[in-house]
Amino acid sequence: MRVPLLRRLATLATTLGLTSLGLLGAGAAPAQAAISDCPSGYFCAWKSDNGTGTMFKTNKDLSTLGTWDNTFRSVVNHTSKYACVYDEPNHDTSGMVGVWDPDPAGTEWGYEHGTVSSIKLVSTSRECAFRAYPAWYSAPAPQAQGFGDMNGDQKADVVVRDKAGRLWFLRGDGSGQLIGNSGWNVFNALVRHGDYSADGREDVIAREASTGRLWLYPGTGSGTLGARKLIGNSGWNAMSRLVGYGDLSGDGRTDLLAVEKSTGRLWLYPGTSSGTLGARKLIGNGGWNAMNALVGAGDMNSDGRPDLVAREASTGKLWLYPGGSGALGARVLVGSGGWNVMENILGLGDFTGDGNADLATSTHSSFVNEMCRGVGCHLVYTGRGTGSLNPGEVVADDWHHLNGIF
């Protein structure tokens with residue numbers, strides 16, 4: 001199936017289960033090869049509509065196809081990668097782009113239109129037309145915020161997990177750095193908000209889906225992560241949400257908040273000097289399951305204490321819970337509705353350089369705006385320093401086909 005490349009919408013959607021093979025060197029196999037002859041690890045193609053005749057095969061990217069240019073009619077993607085096929089040479093996305101799902105079994109085949117001029121094999125479908133990670137830009141904050149900055153340059157960073165389970169560090173200049181190879185999809189919660197290990201560097205906390213264990217990945221100060229440390233034995237899957245918050249307990253250490261799935265209670269887990277979590281304290285008696293997003297947003301109201309932002313599932317309203325001394329204060333409405341169109345809400349402190357804490361978001365398919373619509377619109381809501389927010393501004397449209405942004 002061929003899909004036009006609209007740089008806004010990720011119509012990289014995969015083709016109804018079509019498959020192919022990859023190349024170890026472009027070339028032709030013996031005459032009258034059949035679909036089943038496509039070797040494992042290859043993308044294969046034929047000039048016929050039924051997968052017979054001379055077979056083309058490749059297991060590497062090809063910017064041109066030589067004598068096979070504009071000849072593919074039947075294809076099989078017998079690889080564990082997505083196969084991107086381009087009407088233009090050199091993987092040029094100005095023409096049509098087709099995406100073929102991985103088919104490690106090599107049992108599916110599909111039809112091409114005789115217009116393919118280049119091929120690329122990638123780990124995620126978005127890489128057929130975009131980088132593996134989205135663009136993220138931030139301005140230096142007037143002073144260090146103590147969170148949201150993994151490399152210590154006073155610019156808010158973003159960490160992204162792609163659908164292949166890789167982790168990317170976005171330093172705020174539009175670039176991305178791979179900081180975790182495949183394997184991060186085993187976690188069903190990833191949070192960060194400052195230093196948990198007491199070494200002055202921002203860390204990542206991850207919950208393992210299969211065991212409910214909680215792991216601390218200490219930051220190195222350069223955007224990368226060190227060897228993990230177990231900080232919570234099994235049982236953390238009982239929590240519906242984990243929130244990296246900042247210092248709520250008033251001891252100068254970063255704390256973790258968690259919503260108990262069965263009761264809707266909100267618990268404070270204080271940070272310790274050893275990088276572990278202390279005995280929990282109840283700070284919310286119930287009702288927190290009514291919130292479908294919780295964000296440790298930093299000091300939104302300029303009182304010197306970190307605050308919590310919560311989205312109410314039934315109304316799409318956004319609430320600010322000001323931080324106090326070991327507890328949260330009375331909530332204040334900061335968004336009157338419509339926030340359920342946001343897939344991710346990020347609290348990274350001040351990333352526009354005016355000294356006020358801001359929010360960043362990415363959107364669901366139901367989002368509509370004159371600048372952008374659908375999945376993957378990236379908006380910035382600048383803070384006013386009073387707890388309220390300015391209207392959101394669309395700044396990018398490539399925050400789609402990912403598996404977590406934090």
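1. Where does Ala-198 lie? Ala-198 sits in the loop between S13 and strand S14 (204-208). This is a predicted model, and the values in this note are computed from it. Ala-198 has a positive phi of about 65°, although it is not a glycine. Most residues other than glycine have a negative phi. That makes this loop residue worth a look. Ala-198 counts as partly exposed, because its relative accessibility is 47% and the exposed class begins over 50%.

2. A second residue to check is His-91. Its phi is near 60°, again a positive value in a residue other than glycine. His-91 lies in the loop between S6 and S7.

3. Now take the strand before that loop. Strand S6 covers residues 82-86. Is S6 largely enclosed or left open? Four of its five residues are buried, so S6 is largely enclosed by the rest of the structure. Buried here means under 20% relative accessible area.

4. Which strands pair with S6? One is strand S9 (residues 118-122), which pairs with S6 in the antiparallel sense over five bridges. Within that pair, Cys-84 has Lys-120 of S9 as its bridge partner. Another is strand S7 (residues 96-100), joined to S6 by four bridges and also antiparallel. There, Ala-83 is matched with Trp-100 of S7. Strands of a sheet pair through backbone hydrogen bonds, either parallel or antiparallel.

5. Next, an open sheet. It has four strands in the order S21-S22-S23-S24, with antiparallel pairing. Its edge strands are S21 (291-298) and S24 (332-335), and each pairs on one side only. The twist averages 30° from one strand to the next. S21 and strand S22 (residues 307-312) run antiparallel and are joined by six bridges. To find one contact point in the model, start at Gly-298: its bridge partner in S22 is Asp-307.

6. Another open sheet also has four strands, in the order S25-S26-S27-S28, with antiparallel pairing. Why is one side of S25 left without a neighbour in the sheet? S25 and strand S28 (393-396) stand at the edges with a single partner strand each, so one side of each has no neighbour in the sheet. Here the twist averages 30° from one strand to the next. S25 is joined to strand S26 (residues 359-363) by five bridges, and the two run antiparallel. Met-342 stands opposite Thr-363 in S26.

7. Now the empty space. Rolling a probe the size of a water molecule over the atoms shows where empty space is left. The largest pocket has a volume of about 830 Å³. It is lined by 33 residues, and the closest to its centre are Leu-190, Val-191, Leu-242, Leu-294 and Ile-405. Several strands give two or more residues to this lining: S13 (187-191), S17, S21, S25 (342-347) and S29 (402-405). Which element gives the largest share? S25 does, with six residues. By class, the lining holds 15 nonpolar, eleven polar and seven charged residues.

8. The second largest pocket has a volume of about 550 Å³. Of its 35 lining residues, the closest to its centre are Gln-145, Phe-147, Gly-298, Asp-299 and Gly-304. Gly-298 is also the residue whose bridge partner in S22 is Asp-307. The lining divides into nine nonpolar, 20 polar and six charged residues.

9. How many cavities of 30 Å³ or more are there? The count comes to one. The largest cavity has a volume of about 30 Å³. Its lining is made of Tyr-82, Thr-124, Ser-125, Arg-126, Lys-163 and His-401. Those residues divide into one nonpolar, three polar and two charged.

10. Last, look at Asn-233. Is it buried or exposed? Asn-233 is exposed, because its relative accessible area is 55% and the cut-off is over 50%. Asn-233 lies in the loop between strand S16 (229-232) and strand S17 (239-246). Leaving aside residues up to four places away in sequence, Asn-233 touches Gly-212 and Arg-213. Glu-88 is far off by comparison with a contact: Asn-233 and Glu-88 are 53 Å apart in space, C-alpha to C-alpha, and 145 residues apart in sequence.

Terms used: Residues numbered from 1 in each chain as written. Predicted model: local features only at pLDDT ≥ 70, side-chain atom pairs only at ≥ 80, totals over all residues. Heavy atoms only, no water. Pairing = 2+ DSSP bridges. Axes fitted to C-alpha atoms, helices over the stretch in contact; angles between N-to-C directions. Buried < 20%, exposed > 50% of the residue type's maximum accessible area, 1.4 Å probe, protein only. Contact = heavy atoms within 4.5 Å. 1 Å grid on protein atoms, 1.4 Å probe; cavity = no way out; pocket = protein on both sides within 12 Å on 5 of 7 lines; lining within 4 Å. Points joined across faces, edges and corners; volume = space filled by probe spheres on them. Nonpolar A, V, L, I, M, F, W, Y, C, P; charged D, E, K, R; others polar.
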